[in-house]
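Here are my notes on this model, set out as numbered points. Please read them with the structure open beside you.

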Amino acid sequence: MQGGLVALVSVAYLGMLFAIASFGDRRAEQGRSLTNNPYIYALSIAVFCTSWTFYGSVGLAARSGLDFLPIYLGPTLVFVVWPVVWVKIIRICKVNRITSIADFISSRFGKSSRLGGLVALIAVIGTTPYISLQLKSVATSFEIITGTVGADGWGLGALGAFGLDTTFVIALALAVFSILFGTRHIDASEHHEGIVAAIAFESIVKLFAFLAVGFFVTFGIYDGFSDLFHKARDAGLQKLFTVSDGGGYADWVTMILLSMLAIICLPRQFYITAVENADENHLRKAVWLFPLYLLAINVFVLPIALGGHMAFGGTGNADMFVLTVPIHHGQETLALFAFIGGLSAATSMVIVAAIALSTMVCNNIVVPLLVNRRWVDLERQGDLTGLLLTIRRTAIVGVLILGYGYYRFASGSYSLVTIGLVSFAAAAQFAPAIIGGIFWKGASLKGAMTGLALGAAMWAYTLLLPSFAQSGWLPIRFLDYGPFGIEFLRPYALFGMEGFGTLSHALFWSMLVNIGAFVIVSLLDRQSTIERIQGALFVDVFEHTEDLRDERFWRGSATVGALRDLTGRFVGEDRATTAFQSFALAQGRELAPDSAADSRWLDLAEKMLSGAVGSATARVMIGSVVKGGIVRLDEMYKILDETSQAIRYSRMLETKSRELEDTTQQLQSANERLKELDSLKDDFLNTISHELRTPLTSIRAFSEILTDTPDIESGQRTHFLDVIRTESERLTRLIDQVLDLAKLEAGQMEWSVEAVDPCPSVKGAVAAMDALIRERKVAVILDVPKSLPKVRADRDQLMQVMINLLSNAVKFCRNPNGEVRIEADVRDGFLSISVTDNGDGIPPEHRDGVFEKFHQFNRGSDRMPRGTGLGLAICRHIVTYLGGDIRVGDNPKGSGARFTFTLPTA
Amino acid sequence: MAHSVLIVEDEPNIALSLQFIMKRAGHVVRVAGDGDAALQAMAAAAPDVVLLDIMLPKRDGLSVCEAIRANAAWKGVKILVLSAKSRESDREKALGLGADDYLTKPYSTRDVCDRVNRMLGLEGGCGPSAGAV
């Protein structure tokens with residue numbers, strides 16, 4: 001076929017793409033979005049299917065049968081089984097205005113610009129082989145369809161005269177195309193609807209082209225699938241129907257895992273699936289539409305491979321069967337369609353990858369450098385959108401030149417699939433940071449940095465360097481004998497690990513060091529506060545609303561105008577002005593450029609800038625115009641720490657004051673107790689005074705009567721003198737008892753406690769009371785066993801107790817016919833002695849009180865001198881001191897009271 | 001004309017001594033041993049003078065004083081409180097409740113006699129001569 005025609009058709013196709021993209025953009029500007037639907041979204045995700053799929057799968061199938069499949073099973077698994085990972089990533093991207101995978105990772109780990117740069121670097125290096133794969137396929141397919149190898153015929157071959165080869169021209173063309181598409185706007189997180197539309201269109205084209213070839217082979221050349229497979233078996237190709245031998249299944253698992261990671265971590269997949277996502281709900285359809293697409297594009301892989309095999313008898317470049325089989329059968333138009341399909345597969349990948357990478361290079365490598373090194377003066381007025389665009393355009397060209405370079409110098413000897421897998425393995429290095437980052441709050445910046453760096457280094461050592469060596473850019477001895485002949489370090493059998501495929505081997509080591517370092521360093525590392533905050537924002541993205549973000553992290557003052565100007569320099573004057581005006585309007589006020597910007601304005605500006613230059617850089621820029629500076633999060637946390645310290649301190653104060661209150665209360669109650677005691681003492685003194693005054697009154701009265709009545713009859717005189725004497729005795733007894741009680745209460749009584757025989761004490765008490773007993777004609781019955789055990793007591797005090805009880809009993813028993821009974825009993829190591837009278841007894845309500853001092857109540861009706869009111873109180877003190885107890889009850893044999901006390905036996 | 005005196009006192013010896021001097025002064029004497037008995041005696045026949053102890057069984061002297069003053073029929077009854085309570089506040093309390101005079105135990109019997117006579121508007125002392133009238 002004529003090169004000119006092919007070139008013309010190609011250019012026409014690209015022109016059509018451009019028209020579609022422009023149309024998409026215009027529709028977007030008019031607010032009638034073309035791409036805001038799940039089908040376009042799912043088709044755009046099919047950018048996953050590149051030349052690798054279009055050409056390479058057939059090639060792989062022709063070599064090793066079903067081994068091409070796992071690359072599509074992995075993504076299918078992720079979309080069908082684990083869509084939540086995408087839901088989460090998409091939400092995070094939307095909330096944080098993430099522009100790329102580098103932005104995502106750097107943002108997660110504390111907005112670290114160093115990490116962002118590292119990710120961008122790895123992404124560029126890792127994607128380079130992939131881009132070279134596309135270039136290689138386009139170049140090869142172009143050569144095949146024009147029937148030329150090298151400069152032949154008309155058209156592009158002429159370029160050779162200028163020392164340019166086809167691939168380079170194609171690389172440049174794709175660069176220009178990407179620049180035209182991808183760098184018209186500057187706000188990268190604003191959706192590139194035109195591109196998405198074009199990519200979706202390309203997905204349709206490549207699918208139909210491939211299906212057309214498949215149909216032709218299956219139904220045109222052969223008579224359907226069964227005919228094809230029968231003939232293939234006859235041709236001895238049945239080994240291609242199965243998984244290849246050897247490490248087949250192990251490699252399958254590796255490939256499935258790898259492609260699962262790749263569908264998430266490939267920069268362009270991340271970009272198109274997460275960054276360009278218009279609506280989270282679109283994912284619902286994409287989770288089955290995209291796998292369906294993969295299924296459709298894989299149906300004819302094996303038939304075409306078999307057809308190619310049978311057509312060329314096992315010779316020829318199997319990677320190009322999609323093209324060569326139709327040509328072989330004279331179907332030039334179909335071949336041209338297939339070529340366009342391959343072109344669309346390649347261009348879609350290159351465009352999206354170039355845009356994604358250029359955004360990263362610009363936002364995560366170049367701008368941070370410019371800003372940090374102060375090569376760009378932010379204070380100086382001037383529109384920087386031009387600068388940003390230039391950086392991105394340069395980056396696109398650079399990326400394609402890198403791809404071309406790799407194609408030219410390293411990929412020559414490799415099949416398409418092998419080249420693609422190298423890129424997959426590079427992208428997989430992002431997986432721990434991304435997946436760990438969105439599910440594990442403890443993942444730290446240092447962990448991510450270390451893991452990524454080590455993983456990428458391992459990838460380069462086990463995959464990238466060998467590919468250079470294979471191509472002769474490094475001594476091939478390097479592969480077979482290791483660097484400097486150290487076999488231990490052979491890149492394909494590191495640390496002596498042999499028996500794996502090179503890919504499994506590389507993936508094993510790189511993921512081992514990556515994940516290992518990521519986890520271990522994260523566990524050992526202490527996260528900074530901003531890492532903690534970002535970690536929480538990412539992991540708990542479904543719980544956080546956008547409003548929470550960053551609100552409180554800015555302090556200081558900037559005017560709204562200054563913010564608008566800063567933003568304008570990066571996103572364009574008009575766009576910034578419009579955004580600021582509508583923001584002011586939304587808050588119901590005029591845009592006042594001189595007014596102080598509050599956190600909402602700062603937030604707006606930071607978000608707009610994030611879109612243009614990435615979140616890390618946006619932060620620094622906002623910080624530069626906010627006078628008073630950014631409150632760094634550490635500082636914020638220091639303030640918080642201080643506050644919480646103050647809170648702790650005030651809590652301590654509260655506790656102290658509560659303790660003080662308690663103490664005060666205790667003091668108060670002690671004081672009240674003292675007052676009570678004081679008033680008790682007062683009462684006691686009053687009572688004593690009363691008790692002393694009473695006998696004194698009688699004594700004085702009768703003395704005066706005797707003095708004033710000289711002629712008093714002698715019987716009366718005797719009676720009155722007798723009263724004076726008994727009242728004096730009463731007074732004396734009272735004084736004695738008061739002193740005794742005072743001593744007992746103060747613990748100053750002198751005791752001589754010993755083993756005492758209780759009988760003499762009892763009898764002695766009865767003897768001492770003899771006069772009173774006789775006077776009152778009371779019968780005292782001593783019902784005590786002949787011998788009693790000795791008790792531990794003080795002889796005199798025991799006597800005192802007996803006398804007090806006996807005198808009470810005698811005084812209060814029936815008159816006449818009074819009877820007092822004294823009994824003794826031994827039980828449980830205690831001697832109990834009871835004194836029972838036959839008087840009126842003591843009513844229950846008084847029984848507790850009788851042992852209190854001065855407790856008196858009207859007992860009996862006869863007018864006899866009262867007791868002191870201290871006798872029972874003294875008894876209780878004595879008995880208690882000696883380890884016994886005393887109580888009062890009823891006379892069991894009729895009316896009367898019975899006092900019983902116990903003493904421990906000796 | 002003999003005046004009647006009600007002695008309200010729970011200490012038998014004190015009651016005995018008071019009884020003796022009042023009789024000697026020529027008064028008709030009754031004795032009550034507690035507050036309730038005092039009011040019963042009052043109800044039976046109102047005396048001219050009540051000699052009232054404060055610390056009494058059943059109903060204390062202050063309550064008796066209050067009850068007497070609450071009854072208009074006993075308006076003319078003079079009350080002399082004889083108490084062992086020596087504080088000024090006790091005295092004020094008793095006078096506040098309508099007692100006419102207050103003596104602290106141990107008192108002089110002569111003093112008691114003088115005050116009773118003064119209350120009754122009688123001239124002269126309390127000697128045995130008075131009892132002979």
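1. Strands β1 (residues 4-8) and β3 (residues 49-52) of chain B run parallel and pair over four bridges, where pairing requires that DSSP finds at least two bridges between two strands, and strands (E, at least two residues) and helices (H or I, at least four) are DSSP runs numbered from the N terminus. Within this pair, Ile7(B) has Leu51(B) of β3(B) as its bridge partner.

2. The model is predicted, so that local features need pLDDT of at least 70 and side-chain atom pairs count only at pLDDT 80 or more, while totals for chains, interfaces and linings use all residues. Residues are numbered from 1 along each chain as its sequence is written, and chains are lettered from A and ligands numbered from 1 in the order in which they are written.

3. In chain B, five strands form an open sheet with parallel pairing, in the order β2-β1-β3-β4-β5. Because β2 (28-32) and β5 (101-104) of chain B are the edge strands, each with a single partner, one side of each has no neighbour in the sheet.

4. The largest nonpolar core (buried Ala, Val, Leu, Ile, Met, Phe, Trp, Tyr and Cys residues joined through C-beta atoms within 7 Å; buried means 20 or more other C-beta atoms within 10 Å of the residue's own, with C-beta atoms placed from the backbone) has 206 residues, and Val213(A) and Cys265(A) are among those touching the most other members. Helix α16 (residues 332-372) of chain A gives the most to this core, with 25 residues.

5. Apart from that core lies another, of 46 residues, including Leu18(B) and Val64(B).

Definitions and conventions
Buried ≥ 20, exposed ≤ 12 C-beta atoms within 10 Å, placed from the backbone.
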